[in-house]
Amino acid sequence: MGLRVVVAEDNALLREGLSRLIAAEPDLELAGTCGDLPGLLAAIDDEVPDVVVTDIRMPPSGTDEGIRAANTVRERHPGVGVVVLSQYANPDYALSLLEGGSAGRAYLLKERVGDVEELLGAIREVARGGSVVDPKVVDALVTATSRAVRSDLDRLTPRESEILGEMATGKSNAAIASSLILSERAVEKHTNSIFSKLGLTEEPDVNRRVKAVLLFLAERGG
């Protein structure tokens, strides 16, 4: 059985196109489609898919339904990956999507949907627990934060850079400590140093972690 995918998109033509694309892949299985937030949440609870591909704006409010769905999924079904599609390179949306961690999350611009392999790659990546952020979104966040912050990555020690790289895969401090054979206290100390060097010390803990990761991704071309 392939990866089971639920598609949520209020534009009927795009929803049909995404559905056919997914159904045509031998390693993917279309588990359901819907056009609004209530329908999406019901489909997720009923089908418990491997991945959800959702528009960021859908009925009933047409604002941030895709982000709200992703946050609900994290609470109810933490193993389900989410690919959010948006017309907007909005760093605030990206931060909201990733605030609980980047593992199993992707944020792509709708213009990328035309690149079939990129979309399919994102679906498979989040199913593995990885993350994908559109380079334009990363650039928007970097610009919104500060042009100077990006150069501050050069101030990190080799160990701090290594820890930030682990952080970018969505790992918690405990997981990083296990991977690098360090104590959690040591990882926490290095993490706080990273935040300080990147000028993120006044940010809420979750937001500065996400921003640090996105800056890391931007430095390496997304």
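Arg-4 turns out to be buried in this predicted model, with a relative accessible area of 16%. That value falls under the 20% cut-off, so Arg-4 counts as buried rather than partly exposed. The residue sits in strand E1. Leaving aside residues up to four places away in sequence, Arg-4 touches Glu-29, Ala-31, Glu-47, Val-48, Pro-49, Asp-50 and Val-51. Two of these names come back when charges are considered: salt bridges with shared partners tie Arg-4, Glu-29 and Glu-47 into one network.

Strand E1, the home of Arg-4, belongs to an open sheet of 6 strands. Reading across the sheet, the order is E2-E1-E3-E4-E5-E6, and the pairing is parallel. At the edges are E2 (28-34) and E6 (131-133), each of which pairs on one side only. Neighbouring strands are turned against each other by 20° on average, with direction ignored.

Strand E3, covering residues 51-55, is a good place to look at the sheet in detail. It is mostly covered, with 5 of its 5 residues buried. In a regular strand, side chains alternate between the two faces of the sheet. Here, Val-51, Val-53 and Asp-55 point one way from E3, while Val-52 and Thr-54 point the other way. Residues on both sides are buried.

E3 also has partners to either hand. With E1 (residues 3-8) it pairs in the parallel sense over 4 bridges, and Val-7 stands opposite Val-53 of E3. With E4 (residues 81-86), which runs parallel to E3, there are 5 bridges, and Thr-54 faces Val-84 in E4. To get from E3 to E4, the chain passes through helix H3 (residues 65-76), making a right-handed β-α-β crossover.

Further along the sheet, E5 (residues 105-109) pairs with E6 over 3 bridges, again in the parallel sense. Arg-105 has Ser-131 in E6 as its bridge partner. Helix H4 (residues 91-98) packs on the sheet and touches E4, E5 and E6, its direction making about 160° with that of E5. Helix H5 (residues 116-127) lies across E1, E2, E3, E4, E5 and E6, and runs at about 150° to E4.

Back to the charged residues. Side chains of opposite charge can pair when their charged atoms come close. The structure holds 15 salt bridges. One of them joins the side chains of Glu-9 and Lys-110, at 3.2 Å from N to O. This pair links distant parts of the chain, 101 residues apart: Glu-9 is in the loop between E1 and helix H1 (12-23), and Lys-110 is in the loop between E5 and H5. Glu-9 is buried, its relative accessible area being just 1%.

Another salt bridge, between Arg-20 and Glu-16, has its closest N and O atoms 2.8 Å apart. Both residues belong to helix H1, and because they are 4 residues apart, about one helical turn separates them. Arg-20 is exposed at 60% relative accessibility, whereas Glu-16 is partly exposed at 41%.

Lys-171 and Glu-166 also form a salt bridge, with 2.6 Å between the closest N and O atoms. Here Lys-171 is partly exposed, with a relative accessible area of 29%, and Glu-166 is buried at 17%.

Definitions and conventions: Residues numbered from 1 in each chain as written. Predicted model: local features only at pLDDT ≥ 70, side-chain atom pairs only at ≥ 80, totals over all residues. Heavy atoms only, no water. Buried < 20%, exposed > 50% of the residue type's maximum accessible area, 1.4 Å probe, protein only. Helix = DSSP H or I, 4+ residues; strand = E, 2+ residues; numbered from the N terminus. Pairing = 2+ DSSP bridges. Right-handed = clockwise from strand over helix to strand, strands pointing away. Axes fitted to C-alpha atoms, helices over the stretch in contact; angles between N-to-C directions. Contact = heavy atoms within 4.5 Å. Salt bridge = Lys/Arg side-chain N within 4 Å of Asp/Glu carboxyl O.
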